[in-house]
Amino acid sequence: MLEISALHHSYGDHEVLHDMNLTVAEGELVSIVGPSGCGKSTLLRCIAGLMRPTGGKVVLNDTVIDGVPDNLAVVFQDYSRSLLPWLTVRDNVALPLRRRGMAKKERRAAAEEALKSVDLSDAGTKYPWQLSGGMQQRVSIARALAYRPALMLMDEPFGSVDAQTREDLEDLVLNVRGTDGMTILLVTHDIDESVYVGDRVVVLGRNPGRIRAELPVELPGPRDQITTRAEPEFVRLRAEVGRLVRGHTKGSEDSAAQQAEDSKVDVKP
Ligand SMILES: Nc1ncnc2c1ncn2[C@@H]1O[C@H](COP(=O)(O)OP(=O)(O)OP(=O)(O)O)[C@@H](O)[C@H]1O
């Protein structure tokens with residue numbers, strides 16, 4: 001459903017994305033992880049049609065992206081800037097549905113349903129500033145869901161909430177994934193999160209940004225914050241993604257010097 005081919009992007013003479021090729025299937029949840037400055041946000045902007053890449057193309061459902069596509073929704077980290085403070089929560093969720101040409105009654109019903117799916121049925125008549133940060137981010141997710149996009153792009157969506165809320169929101173995304181065949185690309189700095197939510201983890205390297213590896217995530221049973229994170233396969237994948245993000249290649253785990261180096265690096269911003 002999404003095909004990125006030979007994608008390049010430069011800001012002036014600063015090359016940020018180098019020859020990226022990625023295919024994403026309908027209903028798939030792909031995590032994109034990489035060190036700060038490797039071009040994750042630039043990649044999402046090119047996919048969202050907010051920026052024209054300097055080379056290559058992005059094709060969504062057989063159409064080359066050239067401007068913001070109709071069947072796409074984006075959830076940003078900064079929920080406080082993406083919700084309109086003068087509109088109620090329900091009206092914020094219903095707002096983009098005007099683009100769909102839906103009647104007011106239908107928009108309202110779709111907003112109520114989306115708010116229910118993020119467990120915020122009682123918050124519809126409140127204003128965003130009356131809610132906690134985690135609740136506001138739920139509203140942003142509800143707004144994206146109400147739109148029923150073919151593709152949902154999430155740029156560090158849980159970067160501004162506390163650890164417990166972050167886990168709840170990760171589980172929320174796992175619950176809604178695949179709804180109506182919705183495909184999700186989720187950019188994160190958090191290696192554990194990339195493995196926990198992803199069907200596949202795409203690891204980017206930097207200078208310039210490029211795809212370093214793609215790792216399928218095959219974990220048993222429905223995912224759960226406690227048991228999944230204790231699975232040997234989860235632990236193995238987390239370590240492998242961690243090494244790749246830090247720029248080490250497979251097999252380097254045997255080196256004591258490498259391990260000492262790994263433990264010093266903090267990839268978070
Ligand atoms: N509008 C812009 N003009 C010029 N350079 C830019 C612009 N936006 C980003 N850059 C540069 O491009 C590089 C990649 O930035 P980008 O924000 O895409 O990376 P990122 O991986 O999302 O970073 P982070 O994880 O820190 O958010 C950085 O060196 C950044 O300074």
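**Sheets, helices and ligand shell of the predicted model**

Strands E9 and E10 pair in the antiparallel sense, with six bridges between them. The model described here is predicted. In this pairing, Val-201 stands opposite Leu-215 in E10. E9 and E10 form a hairpin, and four residues lie between the two strands. Asn-207, in the turn, has a positive phi of about 60°.

Both strands belong to an open sheet of six strands. Its order is E6-E7-E8-E3-E9-E10, and its pairing is mixed. E6 (72-76) and E10 (210-216) stand at the edges. Each has a single partner strand, so one side of each is left without a neighbour in the sheet. From one strand to the next, the twist averages 20°.

At the E6 edge, the pairing is parallel: E6 and E7 (residues 151-155) are joined over five bridges. Here Val-74 stands opposite Leu-153 in E7. At the E10 edge, the pairing with E9 is antiparallel. Strands of a sheet pair through backbone hydrogen bonds, in either the parallel or the antiparallel sense.

A helix also lies across this sheet. Helix H9 (residues 232-245) lies across E3 (29-33), E9 (200-205) and E10. H9 runs at about 175° to E10.

A further open sheet has four strands, in the order E2-E1-E4-E5. Its pairing is antiparallel. E2 (14-24) and E5 (63-64) are the edge strands, and each pairs on one side only. Seven bridges join E1 (residues 2-11) to E2, and these two strands run antiparallel. Within this pair, Ser-10 has Glu-15 of E2 as its bridge partner. Helix H1 lies across E1, E2 and E4 (55-60). Relative to E2, H1 runs at about 60°.

H1 (residues 40-47) also takes part in the ligand shell. Three residues of that shell come from H1, the largest share. Twelve residues surround the ligand. Tyr-11, Ser-36, Lys-40, Ser-41 and Thr-42 come nearest. By class, the shell holds four nonpolar, seven polar and one charged residue.

Turning to helix packing, H4 (residues 104-117) packs against H5 (residues 133-146) at an angle of about 130°. Their axes lie 8 Å apart. The angle makes H4 oblique to H5. The crossing of these two helices is right-handed. H4 contributes Ala-110, Ala-111, Ala-114, Leu-115 and Ser-117 to the contact. H5 contributes Ala-142, Leu-145 and Ala-146. Seven residues of this contact are nonpolar, one is polar and none is charged.

H5 also meets helix H6 (residues 163-176). The axes of H5 and H6 come within 11 Å and cross at roughly 15°. That angle makes H5 roughly parallel to H6. H5 passes H6 in a right-handed crossing. On the H5 side, the contact is formed by Gly-134, Gln-137, Ile-141 and Leu-145. These meet Thr-165, Leu-169, Leu-172 and Val-176 in H6. The contact comprises five nonpolar and three polar residues, with no charged ones. Leu-145 of H5 is thus listed in the contact with H4 and in the contact with H6.

Definitions and conventions: Residues are numbered from 1 along each chain as its sequence is written. This is a predicted model: local features need pLDDT of at least 70, side-chain atom pairs count only at pLDDT 80 or more; totals for chains, interfaces and linings use all residues. Axes are lines fitted to C-alpha atoms, for helices over the stretch in contact, and angles run from 0 to 180 degrees between N-to-C directions. Angles under 35 degrees count as roughly parallel, over 145 as roughly antiparallel, 65 to 115 as roughly perpendicular and the rest as oblique. A crossing is left-handed if the near helix is turned anticlockwise from the far one by less than a right angle, and right-handed if clockwise. Two residues are in contact if their C-beta atoms, placed from the backbone, lie within 7 Å. Ala, Val, Leu, Ile, Met, Phe, Trp, Tyr, Cys and Pro count as nonpolar, Asp, Glu, Lys and Arg as charged, and the others, Gly among them, as polar. A residue is near a molecule or strand if its C-beta atom, placed from the backbone, lies within 6 Å of it. Two strands pair if DSSP finds at least two bridges between them.
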